[in-house]
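I opened this notebook to keep track of what I looked up, one place at a time. The entries below are in the order in which I made them.

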Amino acid sequence: MCGIAGCTGGLSAGAVVIASLKRLEYRGYDSAGITLGGSPLRTVKISGKVCSLERSLGPDDCLATWAIAHTRWATCGAPTAENAHPHLSGDGRISVVHNGIIENFAELREELTGSGHVFLSETDSEVIPHLIEEYYDGDPLRSTASALRRLSGAFGVAAVFERHPETIICASVGSPVVIGLDDGRTFVASDVQALAPYTRRVIRLKDGEIARLTPCGAEIFSLADLRPIRPEISDLPVETSVADKGGFEHFMLKEIMEQPECCSNALKGRLDFDRGTAVLPGLGLSPRELARVSRILIAGCGSSIHAGLAGAYCIEGLAGIPVSVEQASEFRYRNPVLEPETLVIALSQSGETADTVAAVREARSKGAWVTAVCNVEASTIAREADSVIPLRAGPELSVAATKTFTSQLVVLYLLALLAGRNRRLPFETASRLLREAEELPCLIREVLDEAPAIKALAEKYVRAEDMFYIGRGNLYPVALEGALKLKEISYVHAEGYHAAELKHGPIALLDELVPVVALVNPEDEGEKVCGNIRECLARKAPVIAVVAGKDMPDALPVRDIIRVPACSRFLLPAVAAVALQLFAYFFARSRGCSVDQPRNLAKSVTVE
Ligand code: F6R
């Protein structure tokens, strides 16, 4: 959730880490800070975004030859300059940036305070430089390792020492750290996005590794005993360098517009027309093993849960396998029952969401087969799961999930098809479903063509302060997702409800100031949703109907209609979701909100 950037070597490490930080800012952006190498170390911290940090630096700062920096999403302590990283040792000669959480920080702080250390922030992170100072014996690697062994929790860390110019020590325990190699320069970051402009050669630190970086390269050691480890150097895939807005005003709009291509990518090579089935080698189960699966459990958070709920309709509808969808945050605390025949699917765009990581570990410890459906193949969840089905959506930089949501829907649809064919789904039905899947990019393109009309509607309702989203069947999860999109980027209260549930309480909130967005599939409980719309209209609530196909199933006095193409009921969630993403985007933009970096949020939530 926070971002770490560091560089040693070259004549502009200061400028490099600021540029890297900007590429990480989508992960956390409450406050930021930098330590520039020199004697003494110079540390600048601000509350706010990286551009404010950049403005606080002088021209000479950018010329420093070693630097570490951080952009923060506040967990422990408010987003103030004092709580921003880097944090310093008591003598100011050691500076540390930290991602993650230190669970035993209170006792360490008490211990350190007892031996005379004075703390200047409310953060858990500040114990790290003080602990390193306590262990400092002239060797930065050894003293950092000794300090880090005292921590419990998850952390990615980078530290610099005034007495060891151009050396950065970094380590990873349950929080990603990646090192970049270039001639005469070495980089560190919490995400490869930060390194893409500078190098393609990277080393991903494994859990429990610590590294010493100098301009000449990186040496890797085991954190437990400082045993040297041979680094595995890999090449960055080309797409990680694509981090510009491509002419769009916001990443969110760019990512919404990319969805036809993302769906094509998610489908590519996965449709087998000859055998009338989907091909998902990433699942890692033989046809016989898949046939033995008696239950599927999908775990995830936020938008991923909504995709899971829609996916459950597909899997149950096409394969007849019972599916439960679990909030990953609850999963491990309720001692879930997992039989050996349960397939667990961990749905996560980032692959770093702490609750979903914990669910993966819990499920594996109980012997279940865990398949990650993930956009980041080098992520913790992808690494720890038994198998991985990649989303192939490309980097998603806007905080609000859009293209990864629809890609998740596509992958779950394919999984449903595969599992269905493995059971009793007839060849003819599956062949039709495959052909329909091929149409999805075009269907989404048709929705994108409606952007001007959706924008006009969003602007019409821009003064609303409360909204409801309702749907039935597999459009109910889309209602949840539409409401989540609206609230997270526009700060307007929005709730997603099953259309039939509205009258069991929430209808009390409806009046002429509370618009209701109703999702209608005339082919699937259309009449029933119309009944629910009538209930809203009777309470004077303005209704915006998102309708599949040309006609409303019933003559209703609803004038604000977003038409999306009629299609297979199993694909409609992906099509309808795009319309709601556009609505939320234009609504938030009209309200002047920070669309890509909404307040209080972060792209990947790496704390419980
Ligand atoms: C909403 C959103 C979040 C994420 C959630 C899970 O737009 O982005 O709700 O969906 O934090 O994230 P992943 O999928 O990365 O595990």
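What follows are my entries on a hairpin, some backbone features, a serine and a pocket.

**Entry 1, the hairpin.** I note at the outset that this is a predicted model. I began with strand β2, residues 31-36, and strand β3, residues 42-47, which pair in the antiparallel sense over six bridges. Looking up one of the pairings, I found that Thr 35 has Thr 43 in β3 as its bridge partner. The two strands, β2 and β3, make a hairpin with five residues between them, and in the turn Gly 38 has a positive phi of about 155°.

**Entry 2, cis peptide bonds.** I stayed with the loop between β2 and β3, where Pro 40 is placed, and saw that a cis peptide bond with an omega of about 5° joins Ser 39 and Pro 40. I then turned to the loop between β4 (66-72) and β5 (87-88), which holds Pro 86, and there the peptide bond from His 85 to Pro 86 is cis, with omega near 0°.

**Entry 3, positive phi outside glycine.** Arg 392, in the loop between β22 (387-390) and α13, has a positive phi near 60° although the residue is not a glycine. I recorded Arg 392 as partly exposed, because its relative accessible area is 33%. Asn 600, in the segment after α18 (572-590), also has a positive phi, in this case near 65°. With a relative accessible area of 55%, Asn 600 is exposed.

**Entry 4, Ser 190.** Is Ser 190, in the loop between β10 (185-189) and β11 (201-204), buried or exposed? I found a relative accessible area of 5%, which is under the 20% cut-off, so Ser 190 counts as buried. Its side chain reaches the backbone nitrogen of Ile 4 at 2.9 Å. Leaving out residues up to four places away in sequence, I listed the residues that Ser 190 touches, among them Cys 2, Gly 3, Leu 24, Asn 99 and Val 178.

**Entry 5, the second largest pocket.** I looked up the space in the second largest pocket, which is about 510 Å³. There are 26 residues lining this pocket, and the closest to its centre are Cys 301, Gly 302, Ser 303, Lys 603 and Val 605. Two or more lining residues come from each of α9 (303-319), β20 (342-348), α11 (354-365), α13 (403-422) and α16 (476-490). Sorting the lining by class, I noted ten nonpolar, twelve polar and four charged residues.

Note on methods:
Residues numbered from 1 in each chain as written. Predicted model: local features only at pLDDT ≥ 70, side-chain atom pairs only at ≥ 80, totals over all residues. Heavy atoms only, no water. Pairing = 2+ DSSP bridges. 1 Å grid on protein atoms, 1.4 Å probe; cavity = no way out; pocket = protein on both sides within 12 Å on 5 of 7 lines; lining within 4 Å. Points joined across faces, edges and corners; volume = space filled by probe spheres on them. Nonpolar A, V, L, I, M, F, W, Y, C, P; charged D, E, K, R; others polar. Buried < 20%, exposed > 50% of the residue type's maximum accessible area, 1.4 Å probe, protein only. Polar contact = N/O pair within 3.5 Å; in protein donor to acceptor, adjacent residues only side chain to side chain. Contact = heavy atoms within 4.5 Å.
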